[in-house]
Structures are given as C-alpha cells and as structure tokens.
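These are my notebook entries on a structure I looked up residue by residue. I set down each point in the order in which I checked it.

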Amino acid sequence: MRRILSLMLIVTCSMGIALAQETSTNNIEKTHTARRGYRGAVELAPFTLSTCGPTLNLSTTHGYQFSHNFFLGGGVAYYAYPFSYYGETDVPLYIAIQSNIGENLAQFTYGGRLGMILYSKHEYMNQETYLNEVHEGFGGLYFNFNIGLRLGFTPQYAMTIKPQFDIILGRFPCLNIGIGFGFEF
C-alpha cells in the first residue's frame with residue numbers, strides 16, 4: 001500500500017511540473033479540460049468490499065474524447081479475490097461512458113460501464129455433497145456506476161478518485177463497492 005501511495009505522490013508531483021511548464025508556454029488554451037481525441041485510463045481499486053469477499057480491481061479503458069463533457073470507449077477489468085483459497089477471479093470486457101463537469105483543476109466526473117464476463121472462477125459449496133467445488137467458465141453481465149473527482153493537471157493528463165459500484169451477474173452474483181484511483185493519459 002505504501003508503494004501505491006508513493007507512486008501516486010510521484011505522479012502528482014510530475015503532473016504539477018508539467019502543468020507549470022504548459023501554463024507558462026500557452027496561456028490561451030484551457031489547461032484543465034480534457035482535449036478532444038484519443039484518451040486512455042488505468043484504474044486501481046486496491047480494496048473493494050464485495051459480497052464475494054474483499055476484492056482487488058484493476059482496469060484499463062481506451063476510447064475517444066468527443067468533448068470535455070463526453071467520452072466513449074471500451075476496456076477490460078480484472079477482479080481478484082485475494083483471500084480466496086482457490087484464487088477466485090472475474091474478468092469483464094466492457095464499453096464505457098464518462099462525463100466531466102467543470103473547467104477548474106478539480107472537476108466532477110461520472111459515468112458507467114456495461115459489459116460481459118469473459119472469464120469467471122468461483123468457489124461454492126455443493127448442496128448435495130456439502131463439499132467445496134470450484135466453478136470456472138464465462139458468460140454473465142457486468143455493470144459499473146461511478147461518480148467522483150477528476151484532477152485535470154493538463155489537457156493530456158489527469159487523476160481520478162471515484163467511488164464505484166459494480167454488479168457482476170454470473171453464476172455467482174457479486175456486488176462490489178469501493179474507491180478507484182485512476183490516471184488518464
């Protein structure tokens with residue numbers, strides 16, 4: 001956890017330096033709004049509360065920023081349940097919609113994801129034999145809703161802090177609630 005926080009601090013300082021350099025060279029352009037064009041994001045939710053057990057969530061999203069207020073893209077996420085004996089996981093593939101409100105450094109952001117489960121592995125107790133068994137497979141639905149804070153350091157780079165609500169509907173439905181820390185590029 002210390003390494004993650006240290007990395008986030010280094011990235012924040014680097015973005016501050018980039019912001020200072022860009023502001024001094026170009027005062028006409030809005031420095032905090034998302035620029036039109038390709039946009040990618042990586043997000044980590046280090047500890048998520050879940051009905052399936054504590055979860056570690058890592059996701060990446062790539063797409064097109066049509067305006068500061070509208071992004072459309074797609075991505076893949078990886079949900080790991082680290083305290084599971086059998087290494088339970090979920091891997092959804094999704095489309096994402098995101099929007100930003102405001103033009104200051106700190107902006108309100110909200111969005112959602114809709115997709116399908118590419119791979120799922122969960123442990124369950126067989127009701128007939130009362131033994132633990134492992135189910136692996138694919139199929140199911142994935143929903144994500146998020147609202148939060150976007151720190152637009154430059155038109156290219158931003159950090160996000162978003163409370164997230166995930167619903168994974170496979171053979172074993174899971175509701176995940178956590179906070180994601182992201183980096184947009």
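**Entry 1. Thr55**

I began with Thr55, which I located in strand 2. The model is a predicted one, and I read every value below with that in mind. Is Thr55 buried or exposed? I found a relative accessible area of 2% for Thr55, so I recorded this residue as buried. I then listed its contacts, leaving aside neighbours within four places in sequence. Thr55 touches Ala45, Pro46, Phe47, Thr48 and Ser50, then Tyr79, Ala80, Tyr81 and Pro82, and also Asn176. I also took one distance: the C-alpha atoms of Thr55 and Tyr78 are 9.9 Å apart, with the two positions 23 residues apart in sequence.

**Entry 2. The pairing of strands 2, 3 and 4**

I next followed strand 2 to its partner. Strand 2 covers residues 55–67 and strand 3 covers residues 70–80; the two run antiparallel and are joined by 11 bridges. Which residue of strand 3 stands opposite Ser59? I found Ala77 in that place. The connection between strand 2 and strand 3 is a hairpin of two residues.

Strand 3 also pairs with strand 4, residues 89–101. I noted eight bridges here, and again an antiparallel course. In this pairing Gly75 stands opposite Tyr94 of strand 4. For reading such strands I kept one general point in mind: side chains in a regular strand alternate between the two faces of the sheet.

**Entry 3. Aromatic rings**

I searched the whole structure for aromatic pairs and obtained seven. One of these is Tyr64 with Phe66, an edge-to-face pair with ring centres 4.8 Å apart and 65° between the planes. I checked how far each of the two is covered. Tyr64 has a relative accessible area of 33% and is partly exposed. Phe66, at 38%, is likewise partly exposed. Ring pairs also bring in Phe70, and I recorded Tyr64, Phe66 and Phe70 as a cluster.

**Entry 4. The disulfide**

How many disulfides does the structure contain? My count was one disulfide. The link runs from Cys52 to Cys174, with an S to S distance of 1.7 Å. The angle about the S-S bond is -90°, and the link of Cys52 and Cys174 is left-handed. Cys52 lies in the loop between strand 1 (37–50) and strand 2, and Cys174 in strand 9 (residues 174–184), so the pair ties together parts that are 122 residues apart in sequence. I then compared the cover on the two ends. Cys52 is partly exposed at 22% relative accessibility, whereas Cys174 is buried at 3%.

**Entry 5. The nonpolar core and Tyr81**

I looked up the largest nonpolar core and found nine residues in it. Its members are Ala77, Tyr79, Tyr81, Tyr94, Ala96, Ile117, Tyr142, Ile168 and Cys174. Which elements give two or more residues to this core? They are strand 3 and strand 4.

I took Tyr81 from this core for a separate contact list, again without its neighbours within four places in sequence. Tyr81 is in contact with Ser50, Cys52, Gly53, Pro54 and Thr55, with Glu88, Thr89 and Asp90, and with His122, Ile168, Cys174 and Asn176. The list for Tyr81 therefore includes the two cysteines of the disulfide, Cys52 and Cys174.

**Entry 6. Gly148**

I moved on to Gly148, which is found in strand 7, residues 141–152. Its relative accessible area is 16%, and I recorded Gly148 as buried because the cut-off for that class is under 20%. Gly148 and Pro163 are 15 residues apart in sequence, and their C-alpha atoms are 6.2 Å apart in space. Pro163 also appears among the contacts of Gly148, together with Gln107, Phe108, Thr109, Ile161 and Lys162.

**Entry 7. The chain as a whole**

I closed with the totals. The secondary structure comes to one helix and nine strands, in the order α-β-β-β-β-β-β-β-β-β along the sequence. Of the 185 residues, 41% count as buried. Among contacts in the chain with a separation of 6 or more, 57% are between residues 24 or more positions apart. The chain exposes about 10300 Å², and carbon and sulfur atoms supply 69% of that area.

Key
Residues numbered from 1 in each chain as written. Predicted model: local features only at pLDDT ≥ 70, side-chain atom pairs only at ≥ 80, totals over all residues. Heavy atoms only, no water. Pairing = 2+ DSSP bridges. Helix = DSSP H or I, 4+ residues; strand = E, 2+ residues; numbered from the N terminus. Disulfide = S-S within 2.5 Å. Buried < 20%, exposed > 50% of the residue type's maximum accessible area, 1.4 Å probe, protein only. Contact = heavy atoms within 4.5 Å. Areas by Shrake-Rupley, 256 points an atom, 1.4 Å probe, with all protein chains shown as cover. Core = buried A, V, L, I, M, F, W, Y, C linked by side-chain atoms within 4.5 Å. Phe/Tyr/Trp six-rings, centres within 6.5 Å; stacked < 30°, edge-to-face > 60°.
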